[in-house]
Amino acid sequence: MNNALIQAQNLSRSYRNGREQISVLHGLSLELRGGEAVAVIGPSGSGKSTLLNLLNGLLLPDSGQLQVFGRAHSDLTENDWAELRRTRIATLFQDGNLIPTLTVSRNIAFRAGLAGLQAHDGEALLAQLDIADVAHRYPDQLSGGQRQRAALACAFAMRPELILTDEPTGSLDYATAQRVVPLFFDAIRERALGALIVTHNPELAQRCDRILELREGALRPWDSAVSS
Ligand SMILES: Nc1ncnc2c1ncn2[C@@H]1O[C@H](COP(=O)(O)OP(=O)(O)O)[C@@H](O)[C@H]1O
Ligand SMILES: [Mg+2]
C-alpha cells in the first residue's frame, strides 16, 4: 500500500465547442502523496482548472484511470464525490468561495457543519491567517487579500486531507500576495495536507516539494532552464 491521495494515469479530457472537439488534456499522469505540496504552472488555457475539476469530481475524464484516496473514479457515484468534497477534498478558487449573506465566522461554521464538524477552531484559524478582526464582516466588506484568507479558513474548517487551489493569489496585488503566501503555505504545512497548487506566483511555487508544468495536455517536471 502506498499513501497516494491521487493517482492519475493517461487521463484525457476534451470539450465540445459546437462542431469542434478541443482536446485539453491527453496522456496526463500525476501522483500526489499525503502531506506533499505540488505546484502546477502553465500558460492560460493549458487546462489547469480542467485538471483540478477532474480531481474533485466536478468533471469526468473521457478516458484514463484516476484514483482518489485509493478509490477508482469509475466506482465513485456523484454522491460519493459530493461527500468527498464536503469532508476530504477542499477546493479553493481564485475569487474565494464565500457565501455572501454570511459573515466570515458564519461562513466558517457553515463549512465545518457541512463536514459534520463543530467550528471550535474558527477563531484560531482566523488568528493564524491574521484576519481575526474581520470575523464579523460580510465578504463584500473585505479586501481581496482578506477575502482570500477567509476562503482559506473555510477550506481548513472542514479539515480536508487534500486541498486543490486554483490560482489562490491570482486576484491579489503583489504586496498583498507577498504577505498572504507565507501564511497560506505555513497553514497547509502545519496540517500536513496534500496540496495541488495551481499558481502563477513563483514564491508560492518554489515553496512546494515539486513544480510541474502543464503543457500540451500533460504534466512534466518543470525545468526552469528550459522554460525561462
Ligand atoms: N466548458 C468549456 N467548454 C468549452 N471549452 C472550455 C470549457 N472550459 C474550458 N475550455 C477550454 O479548455 C481550455 C483549458 O481551459 P482551462 O482548464 O480553464 O485552462 P487554464 O485554467 O489553464 O487557463 C481552454 O482553451 C478553454 O477555452
Ligand atoms: Mg484556470
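How far does a polar side-chain atom of K48 lie from an oxygen atom of ligand 1? The distance is 2.8 Å, and we'll come back to that pocket after a look at the sheets.

First, some ground rules. This is a predicted model, in which local features need pLDDT of at least 70 and side-chain atom pairs count only at pLDDT 80 or more, while totals for chains, interfaces and linings use all residues. Residues are numbered from 1 along each chain as its sequence is written, chains are lettered from A and ligands numbered from 1 in the order in which they are written, and side-chain values use heavy atoms, with hydrogens and water left out.

## The four-stranded sheet

Let's start with the open sheet of 4 strands, which has the order β2-β1-β4-β5 and antiparallel pairing. At its edges stand β2 (20-33) and β5 (71-72), each with a single partner strand, so one side of each has no neighbour in the sheet. As for the terms, helices (H or I, at least four residues) and strands (E, at least two) are DSSP runs numbered from the N terminus, and two strands pair if DSSP finds at least two bridges between them.

Strand β1 (residues 4-17) pairs with strand β4 (residues 63-68) in the antiparallel sense, over 5 bridges. Within that pairing, A8 has L66 in β4 as its bridge partner, and Q7 stands opposite Q67 in β4. Helix α1 (residues 48-55) packs on this sheet and touches β1, β2 and β4, its direction making about 60° with that of β2. Contact here means heavy atoms within 4.5 Å; axes are lines fitted to C-alpha atoms, for helices over the stretch in contact, and angles run from 0 to 180 degrees between N-to-C directions.

On the β5 side, β4 and β5 pair in the antiparallel sense over 2 bridges, with Q67 opposite A72 in β5. These two strands form a hairpin with 2 residues between them, and F69 in the turn has a positive phi of about 50°.

## The six-stranded sheet

The other open sheet to look at has 6 strands in the order β6-β7-β8-β3-β9-β10, and its pairing is mixed. Here β6 (89-92) and β10 stand at the edges, each with a single partner strand, so one side of each is left without a neighbour in the sheet. From one strand to the next, the twist averages 20°.

Here are some of its strand pairs:

| Strands | Sense | Bridges | Example of bridge partners |
|---|---|---|---|
| β3 and β8 (residues 194-198) | parallel | 4 | A37 and A195 |
| β3 (residues 37-41) and β9 (residues 210-215) | parallel | 4 | A39 and I211 |
| β9 and β10 (residues 218-221) | antiparallel | 4 | E213 and R220 |

Two helices that pack on this sheet are worth a look. Helix α6 (residues 174-190) touches β3, β6, β7 and β8, and its direction makes about 155° with that of β8. Helix α5 (residues 144-157) touches β6 and β7 (162-166), at about 170° to the direction of β6. The hairpin of β9 and β10 has 2 residues between the strands, and E216 takes a positive phi near 50° there.

## Around ligand 1

Back to the ligand. Its surroundings are Y15, N17, V24, P43, S44, G45, S46, G47, K48, S49 and T50, where a residue is near a molecule or strand if one of its heavy atoms lies within 4 Å of it. By type, the shell divides into 3 nonpolar, 7 polar and 1 charged; Ala, Val, Leu, Ile, Met, Phe, Trp, Tyr, Cys and Pro count as nonpolar, Asp, Glu, Lys and Arg as charged, and the others, Gly among them, as polar.

Which elements supply at least two residues each? β1 and α1 do, and α1 gives the most, with 3 residues.

Besides K48, a polar side-chain atom of S49 lies 2.9 Å from an oxygen atom of ligand 1, and a polar backbone atom of G47 is 3.0 Å from an oxygen atom of the ligand. The protein covers 62% of the 560 Å² of accessible area that ligand 1 has on its own, with areas from the Shrake-Rupley method and a 1.4 Å probe.

Methods
A polar contact is a pair of N or O atoms within 3.5 Å; within protein, one must be able to donate a hydrogen and the other to accept it, and residues adjacent in sequence count only if both atoms are side-chain atoms.
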